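Reader: I'd love a close look at one part of this structure, and then a walk outward from there into the rest. Could you take me through it at an easy pace?

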Amino acid sequence: MSTPQFKLVCLGNPLLDLQTNVDKSYLTKYDLKDNDAILAEDKHLPIYEEILQKPDLILVAGGAAQNTARGAQYILPPQSVVYFGSVGNDVYAERLNEANEAYGLTTKYQVQQDYATGKCAALIYDHHRSLVTDLAAANHFKPEHLQKPENWAIVENASHYYVGGFHLTVSPEAILLLGKEAAKHNKPLALNFSAPFIAQFFKDQLDSVLPYVDYVIANESEAEAYAQSHDLKVDSKDVVAIAKEIVKLPKENKQIPRTVIFTQGTEPTVTVTDLGNGEVEVHQYPVAPLAKEQVVDTNGAGDAFAAGFIASLVQGKSLAQAVDVGQWAAKLSIQQVGPTFPFPKKTYE
């Protein structure tokens, strides 16, 4: 039996999002911040039971890299994207599979018998979102799952790789497997920083994989967290200065110049590309405005941007085009509930 030729391999933590609206006092009660993402501590565990009782609760297939994989498959031809992660043997995993199948996304889950599928409380307050994640089964992904002959054949046949930074908390070894394969065969690897706490508390894991990363994607708060945790001698609010520091870092594959892409919500998207010999190329791409009444939900906007961006690289588009498609995909997604895209399908023009 021949191995399917998926162009894009994505790796991350599959989660079921439990999305609900809350007021500021609810965030305060659990010591949560607007527009933040954290791993649940014991004190946060009651949240999941509490929001299950809420009448406006929406269940959405989540997990940052899985959102990006679904979005990329939305844009690319059928059978283009495959996603690896770890789930439980339960109804929540079935819900994830159903949501992915609606987009034509292929999943190659490692199924855990002893752990439930991970979940994320997506608490929405006035267009801001606070994410609280209980990884559960997602935390038990093993690199050996990628190395199974039938899965590794898929990895070898792919042309591009995308990893959610959240997976640095689970299996940096699996990311390094993809990174070494990418570098050896001159294939692009993109890594999303995913949340400020990754650079703060998983600094060593992040630093261990960065030599294999060709495209770094992050938002301004993640950039700031990186600058502070790495003691960069630049203003931690200056995204261009931070990107210039990251592009200079050591790199395994010298054939592909490293590019850092920083999104800033409605502010311009910034790209910095290493041209070698200490030279860099900086671009800023304004974000087309969207009327406030059209904004339904910003949860997953960054994942949608990454989807448009990485799908465009797979299609051989330029950096400028990739940013434009990323912004278009984010704009589509924030007019939907949760990290989703509209059907019937829209196409980029």
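In which loop is Asn253 found?

Author: Happy to. The model is a predicted one, and Asn253 is found in the loop that runs between helix H11 (239–247) and strand E12 (259–264). Is this residue buried or exposed? Its relative accessibility is 5%, so Asn253 counts as buried, the cut-off being under 20%. A polar atom of the Asn253 side chain lies 2.8 Å from the backbone nitrogen of Gln255. Setting aside residues up to four places away in sequence, Asn253 touches Ala182, Ala183, Asn186, Lys187 and Asp214.

From this loop we can step to the nonpolar cores. The largest of them has 56 residues, and Phe193, Tyr226 and Phe262 have the most contacts inside it. Helix H11, the helix on one side of the Asn253 loop, gives the most to this core, with six residues. A second, separate core has 40 residues, including Tyr74, Val87, Tyr215 and Ala330. Back in the largest core, Tyr226 is worth a pause: beyond the residues up to four places away in sequence, Tyr226 touches Phe193, Ala199, Leu206, Asp207, Leu210, Leu232, Ile242, Ile246 and Leu249.

Tyr74, from the second core, is also one of the buried residues of helix H3. This helix is mostly covered, with 12 of its 12 residues buried. Among them are polar or charged names such as Gln66, Asn67, Arg70 and Gln73, alongside Ala64, Ala65, Gly71 and Ile75. The length of H3 (residues 64–75) can be checked too: at 1.5 Å a residue, its 12 residues should span 16 Å, and the end C-alpha atoms are 17 Å apart, which agrees.

Val87, another member of the second core, leads to Thr117, since Thr117 is in contact with Val87, Gly88, Asp90, Tyr92, Ala93, Leu96, Ala136 and Ala137, leaving aside neighbours within four places in sequence. Thr117 is found in the loop between strand E6 (106–112) and strand E7 (118–125). At 3% relative accessibility, Thr117 counts as buried, because the cut-off is under 20%. The side chain of Thr117 reaches the backbone nitrogen of Gly88 at 3.0 Å, and a polar contact of 2.7 Å joins the side chains of Thr117 and Asp90.

Now for the empty spaces. There is one cavity of 30 Å³ or more, and the largest cavity has a volume of about 50 Å³. Its lining is made by Asn35, Asp36, Ala37, Arg129, Ser194, Ala195, Pro196, Asn219, Ser221 and Glu222. Strand E3 and helix H10 (220–229) are the elements that give two or more residues to that lining. The second largest pocket holds about 340 Å³ of space. Of the 17 residues that line this pocket, Lys33, Asp36, Ala37, Ile38 and Phe197 are the closest to its centre. Strand E3 (36–39) and helix H8 (196–201) each give two or more residues to the pocket lining. Asp36 and Ala37 thus appear in the lining of the cavity and also by the centre of the pocket.

To finish, here is a residue with a less covered setting. Lys7 sits in the segment before strand E1 (8–11), and Lys7 is partly exposed, with a relative accessible area of 45%. Not counting residues up to four places away in sequence, Lys7 touches Ser80, Ala158, Ser159, His160 and Val314. Lys7 and Val287 are 280 residues apart in sequence and 28 Å apart in space, C-alpha to C-alpha.

Conventions
Residues are numbered from 1 along each chain as its sequence is written. This is a predicted model: local features need pLDDT of at least 70, side-chain atom pairs count only at pLDDT 80 or more; totals for chains, interfaces and linings use all residues. Side-chain values use heavy atoms; hydrogens and water are left out. Helices (H or I, at least four residues) and strands (E, at least two) are DSSP runs, numbered from the N terminus. Buried means under 20% relative accessible area, exposed over 50%, partly exposed in between (1.4 Å probe, protein chains only). A polar contact is a pair of N or O atoms within 3.5 Å; within protein, one must be able to donate a hydrogen and the other to accept it, and residues adjacent in sequence count only if both atoms are side-chain atoms. Contact means heavy atoms within 4.5 Å. A nonpolar core is a set of buried Ala, Val, Leu, Ile, Met, Phe, Trp, Tyr and Cys residues joined through side-chain atoms within 4.5 Å. The expected span of a helix is 1.5 Å times one less than its number of residues. On a 1 Å grid over the protein atoms alone, a cavity is a set of points where a 1.4 Å probe fits but cannot get out, and a pocket is an open set with protein on both sides within 12 Å along at least five of seven lines; lining residues have an atom within 4 Å of a point. Grid points are joined across faces, edges and corners, and a volume is the space filled by probe spheres set on the points.
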